[in-house]
Amino acid sequence: MKNTLRYTTVGLAGAVTMAFAFSAQAVELGVVSWGGAYTASQLKAYHQPYMKANSDVTLNSIDYSGGLAEVRAQSEAGNVTWDLVDVVVSDAIRGCDEGLFMEIDHDEMLAKAPDGTPPSKDFLEGTLSDCFIPQIIYSTAFAYRTDAFKGEQPKTMADVFNLEKFPGKRTLQRAPINNLEWALIADGVPAKDVYEVLDTPEGVDRAFAKLDTIKDEVIWWTEGAVPAQLLADGEVVFGTGYNGRLFSAIEEEKQPLAIIWDGQVLDIDGWAIPSGGKHKDEVLEFVKFATDTQRLADQAKYISYGPARNSSLPLVGKHAELGIDMAPHMPTKYADQGFLTDFQWWADNRDELNERFEAWLQQ
Amino acid sequence: MAEATLDQGDLMRTADGTPLKISIARAMRRNKLKALALIAPLFVFILFSFLIPIIDMSLRSVDNSVIPDVLPNTVAALADWDGEGLPPEEAFAALAADMKAGRESRDIGKVATRLNYELSGMRGTVMGTARRIASVDEGPYQEALIKANKDWSDPATWKLLKRLSSPYTMGYYLNAVDMRFDVDGNIEAQPDFRQIYVDLFLRTFWMSILITGLTILLGYPIAHLMATLPLRYSNLLMILVLLPFWTSLLVRTTAWIVMLQSEGVLNDLLVWVGVFSDDARPQLVYNKIGTIVAMTHILLPFMVLPLYSVMKTIPPSYMRAARSLGANQFTAFVRIYMPQTLSGIGAGSILVFILAIGYYITPALVGGTSGTLISNQIAYHMQQSLNWGLAAALGVILLATVIALYFLYNRIVGVDKMKLG
């Protein structure tokens, strides 16, 4: 018995040494993303082709649930093990301010468009920021159950807030972001003026007053998978959700749902490189590949998020498994019906408005 | 040997001649060292995985070092300022210099974030000013800073900076109890529409107490049955208690959503039986009811198991003796049986209560707005807002309350009477 134990230990030690010896030759990069269908689309469009072409690089996919807590903890401990993180743009800006992410020279470090347009011109306007490499445009929009209402169907944000015409429960995200904008739009503020109005105390009061009108009929969600579930179960008749999740509920699970593109809030998701990582050059090499025109267009084969490059838009084809044309499902196609979220404004006001929102919920 | 001992008079010696006292002491020391070596791994583990992180985290609740560290010149220049009107030109020059250095070292964002906790909008003010002042090489800096952002012409902004000059702050604790400093540094209540934490603390406590009470109510009969039924039945009951205990927390929580939601199993049943009409289904989840039901179920084993282990040790002859002395079943139960189970109730209650008070994922999933607890706000500030100072302050308050309650419990019931098995 004792001998068995000893041999096992020796054997294990040997295996560990070998593993280290191998990893010394090949580079392993920790690539962090949101998990689920989204990570799956990245694996197919970016990771697998890259590892095929570069056999010395191994990309380890790690899941997380957003936020900068881990990145900050690693940075403070001085042991950065995440080489690349998929973040929403507001977190990228916050992390950039705090020095958690490396600054990016987009024209220097990223691939040009096939026709030679530099990245700073090719990425959609307003999407670039200091530490952030845009990847996809997603949107948060309302969906409704198509079997809930007889006759006229809801089409606008005002309809969503109209309990008399369209009664029933709604599910909204438990956060002030987006909800305040929608309340103002439903109250008659044009989408382009929303942040101007929100920047005044009266504007914020007005938004909360409008939210008050539907408060009793709202179930608040915090996890991204919940709204599609509530809609599918018939718990609610309206729900906000990320358009990719809504797409898979409609097209893959065949739920009786439809998206209201009016008032959709466009947001950007992309890569940020934690500063202090050990494999800076290798990571940049991968990012350059993963955000080139073709790769961004490829990702749309697997999930209905729009590519962040203008040059990728015409290359978007059909869904890899469903075979349906993806172009009509890109939120960017309906960009004129919605608006781009103002991350700088939210970075300034998020803390205060969150407290106010929570207090409002408890009233 | 015997002669040697006699020769030395009163000193007892071992075989090799060392005095017995020393020899025993040596053996004892060896044993003590062995014992220490045995617990050393555990001690080191607890130190590094538990004590140091907790202490480190709680220190953040008063830490304000970022302002003196990144803006040292400004802090020095403001030290003599009396707070009347605008500070002198030196302060403006110092701030401009600090901002340039901070932008270079990429630390200015930390200042911006810190100031934004105190006053919304300061983040934009600081970042914008730092960007614009970078190209200004000579004074007067007062004009240049005010041109970069008009907030610097407001004495309130400077008072805020002066107030935050110290490396320590009570600001996070004030925030955690819905208070704040006003412009002049006096403590005042937050405006109504920003008061959330005190209510959440109170709710967390009363819901935890309620859940503890419910687990006693539900767990006591089960534990009693398990302790008194014949082995083959009690084993079955034990499995029924343990199976959910071994099931993933998330699975159990989600199962409760399926059970309780308005198109769910329970509601369908109630409508079918005719208790409610189809269009007046009660809301049983995404509110307090959801949290209480799901958490009571999830925490029930922590009450049943200590109760069971205590009840198992109570000889049935005591009850029979009470009956034979004339007590009826009820009196015998209340006066003889129950007092003997108090230690189990105590152990179970403290386990359930302390677990409930820090519960996080279940309330987040089934709590809606009225059923979430303070831990959900702590998680929000850890993960989303990155306001670790506030998260730490909320956590320290929670920890201190739990410790205080534990001592109170020790005073009233006595921890030595607690029995876990």
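This passage describes the chain architecture, domain arrangement and selected packing contacts of a predicted model.

Chain B comprises 20 helices and 2 strands. The radius of gyration of chain B is 32 Å, whereas the globule rule gives 22 Å for 421 residues; the value for chain B is well over that of the rule, so the chain is more spread out than a compact globule. The C-alpha trace of chain B extends over about 100 × 95 × 35 Å along its principal axes. Three domains are assigned to chain B, namely domain 1 (2–59), domain 2 (66–169) and domain 3 (197–417). Between the C-alpha centres of domain 1 of chain B and domain 3 of chain B, the separation is 44 Å.

In chain A, the domain assignment yields domain 1 (25–137 + 268–330) and domain 2 (138–267 + 339–362). The C-alpha centres of these two domains of chain A are 27 Å apart. Their contact involves 18 residues of domain 1 of chain A and 13 residues of domain 2 of chain A. On the side of domain 1 of chain A that touches domain 2 of chain A, at least two residues each are supplied by helix H2 (36–53), helix H4 (89–97), strand S4 (133–145) and strand S8 (257–272) of chain A. H4(A) provides the largest share of this side, with 4 residues. By class, the side of domain 1 of chain A that touches domain 2 of chain A consists of 12 nonpolar, 4 polar and 2 charged residues.

A helix pair of chain A was also examined. Helix H11 (residues 226–233) of chain A packs against helix H12 (residues 243–252) of chain A at an angle of about 30°, and their axes lie 9 Å apart. Because angles under 35 degrees count as roughly parallel, H11(A) is roughly parallel to H12(A). The crossing of the two helices, H11(A) and H12(A), is right-handed. H11(A) contributes A:Ala228, A:Leu231 and A:Ala232 to the contact, while H12(A) contributes A:Arg245, A:Leu246 and A:Ala249. Of the residues in this contact of H11(A) with H12(A), 5 are nonpolar, none is polar and 1 is charged.

Between the chains, 31 residues of chain B are in contact with 29 residues of chain A. Two or more residues of the side of chain B that touches chain A come from each of helix H6 (108–118), helix H7 (122–133) and helix H19 (374–383) of chain B. The largest share of this side, 6 residues, belongs to H6(B). The side of chain B that touches chain A contains 9 nonpolar, 15 polar and 7 charged residues.

Notes: Residues numbered from 1 in each chain as written. Chains lettered and ligands numbered in written order. Predicted model: local features only at pLDDT ≥ 70, side-chain atom pairs only at ≥ 80, totals over all residues. Domains from an automatic or database assignment. Axes fitted to C-alpha atoms, helices over the stretch in contact; angles between N-to-C directions. Parallel < 35°, antiparallel > 145°, perpendicular 65-115°, else oblique. Left-handed = near helix turned anticlockwise from the far one by under 90°. Contact = placed C-beta atoms within 7 Å. Nonpolar A, V, L, I, M, F, W, Y, C, P; charged D, E, K, R; others polar. Rg over C-alpha atoms; globule rule 2.2 N^0.38 Å.
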